[in-house]
Structures are given as structure tokens and as C-alpha cells.
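Please open the model in your viewer, with the sequence panel alongside, and follow the selections below one at a time.

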Amino acid sequence: LVISNKVLLNTSLSDKAIVTMLTINGFKSNFDTITLTTENISSILYNKIKCTRKETEGIRDSIKELIENNILTPLYSEKNWYTFHTTDLTTVEEPFTLITVDEFEQLKDKPRLLRYFLVVVSTINNVSKVGFNTIEQLAHKSRIKDAGTIINYNRTLVEMGLLYIYN
């Protein structure tokens, strides 16, 4: 799955909006447009066909947030249906961050941790596989105010086998 670094590092977006955009990017195809429903997205995020009203409204609010921040521009929208140009989705011509579906599946229930993981991955050099950001830099990029949270998230990601920290 791929997300634009411009979107990922936009600190005005909520964690849920980042996760929603990552999920929408997973639907990208070779067609000019894509039509999605809040139910499509929530069924992937919550692993069930029939989601609660609260879950569906959360996705609708995230899409609204992405639209208000000029990240997505609907060609058509009606209640829970949206049609977007696929050009709104991440392209390889701009800086982006890539994670596997397995990594997404492990973290999708924890939007804040998933966003943090995406930020960490975005700072790692592709050649050396090393990142040199400070805790403060990672905290700022992921909208986390507490350095202790960053330390706990690093520990959690290491325990999950998603991150390796060499001290």
C-alpha cells in the first residue's frame, strides 16, 4: 500500500484520515475514476461486511476531512458514495511511503500507531535501510506530543517485528 508523503506528513489531518487515504489508495486501478462507498472502506478496516453506523460515519468524516484539505476532489458524491479521479491518489512521480498489506493488517486497528509507523518508514533511507530522525522530529511529523509515547510505540513495533532499532 502506498501513501503520498505530502498527505502523510500533513499535520492537519487526523490519524483516521491518514488510514482512510491509505485504504483508498489500495483501490487504485488503471481507470480514470474510482467509485467507492464508505461501506467498501469500512469493511476493509473492520473486517466485516456490515459495519456499525459509528464506524461508517467515521469513514465519512475522514473522507470529508480529506476533501476539505484538498487531497481528494469528488467528481460525484451522494450520501455514502464517492467518485474520484484516480489522479487524486498517490502516484510514483511524487515522494511516497510504501508498506505491505500484512503491515497494514497488523496495525489498521490502531490508527495512531499506524500513522507513526508510516512516518518512521517514510524517514528510512531506501539504500541503507537506516533512519536518523530524533524522537522530537518523529513526534512532530506524527502529531504526537509526548516523547514517552514515541518510545512505547518504538518498543511495540519492535515486539511486533515491524521495526528494528540498533542502539
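**The sheet and its pairings**

Begin by selecting Pro74, whose bridge partner in β4 is Phe84. Keep in mind throughout that this is a predicted model. With Phe84 still highlighted, add Ile34, which stands opposite Phe84 in β4. Next select Thr33, and look across to His85 in β4, the residue that Thr33 stands opposite.

Now widen the selection from these residues to the strands. β3 and β4 pair in the antiparallel sense over four bridges, while β2 and β4, also antiparallel, pair over five bridges. As background, the strands of a sheet pair through backbone hydrogen bonds, either parallel or antiparallel.

In what order do the three strands of the open sheet lie? The order is β2-β4-β3, and the pairing is antiparallel. β2 and β3 (74-78) stand at the edges with a single partner strand each, so one side of each has no neighbour in the sheet. If you turn the view to look along the sheet, the twist to expect averages 15° from one strand to the next.

**The helix on the sheet**

Leave the sheet displayed and add α3, which packs on the sheet and touches β2 and β4, its direction making about 70° with that of β2. Within helix α3 (residues 38-46), colour Thr38, Ile41, Ser42 and Leu45, which are buried. Seen down the axis of α3, these buried residues fall within an arc of 95°, so they line one face of the helix. The general background is that an α-helix has 3.6 residues a turn, so residues three or four places apart point the same way.

What do the buried residues of α3 pack against? Their partners are the helices α2 (15-25), α4 (53-68) and α5 (101-107), together with the strands β2 (33-37) and β4 (81-85). Before moving on, select Asn47, which follows α3 and has a positive phi, near 55°.

Of these partners, α2 is worth selecting by itself, since it is mostly covered, with ten of its eleven residues buried. The buried residues of α2 are Asp15, Ala17, Ile18, Val19, Thr20, Met21, Leu22, Thr23, Ile24 and Asn25.

**Positive phi in two loops**

Two loop residues come next, and a general point helps in reading them: most residues other than glycine have a negative phi.

Select Asn70, in the loop between α4 and β3. Although Asn70 is not a glycine, it has a positive phi of about 60°. Is Asn70 buried or exposed? At 68% relative accessibility, Asn70 counts as exposed, the cut-off for that class being over 50%.

Then move to Lys79, in the loop between β3 and β4. Here the two strands form a hairpin with two residues between them, and Lys79 takes a positive phi near 50°. Lys79 is exposed as well, with a relative accessible area of 69%.

**The largest pocket**

Now display the surface and find the largest pocket, which has a volume of about 750 Å³. Its lining is made up of 25 residues, and those that lie nearest its centre are Val120, Ile124, Val130, Gly131 and Leu163. Selecting these five residues is a practical way of centring the view on the pocket.

Which elements give two or more residues to the lining of the largest pocket? They are β5 (96-98), α6 (111-122) and α7 (135-141). α6 gives the most to this lining, with four residues.

**Two exposed helix residues**

For the last stops, return to a view of the backbone. In helix α7, select Glu136, which at 57% relative accessibility counts as exposed. Measure from Glu136 to Ile150, a residue 14 places away along the chain, and the C-alpha atoms should be separated by 8.8 Å.

Finally, select Lys6, which has its place in helix α1 (residues 5-8) and, at 65% relative accessibility, counts as exposed. What is the separation of the C-alpha atoms of Lys6 and Thr97? They are separated by 9.9 Å, although the two residues are 91 residues apart along the chain.

Note on methods:
Residues numbered from 1 in each chain as written. Predicted model: local features only at pLDDT ≥ 70, side-chain atom pairs only at ≥ 80, totals over all residues. Heavy atoms only, no water. Buried < 20%, exposed > 50% of the residue type's maximum accessible area, 1.4 Å probe, protein only. Arc of directions from axis to C-beta. Contact = heavy atoms within 4.5 Å. Pairing = 2+ DSSP bridges. Axes fitted to C-alpha atoms, helices over the stretch in contact; angles between N-to-C directions. 1 Å grid on protein atoms, 1.4 Å probe; cavity = no way out; pocket = protein on both sides within 12 Å on 5 of 7 lines; lining within 4 Å. Points joined across faces, edges and corners; volume = space filled by probe spheres on them.
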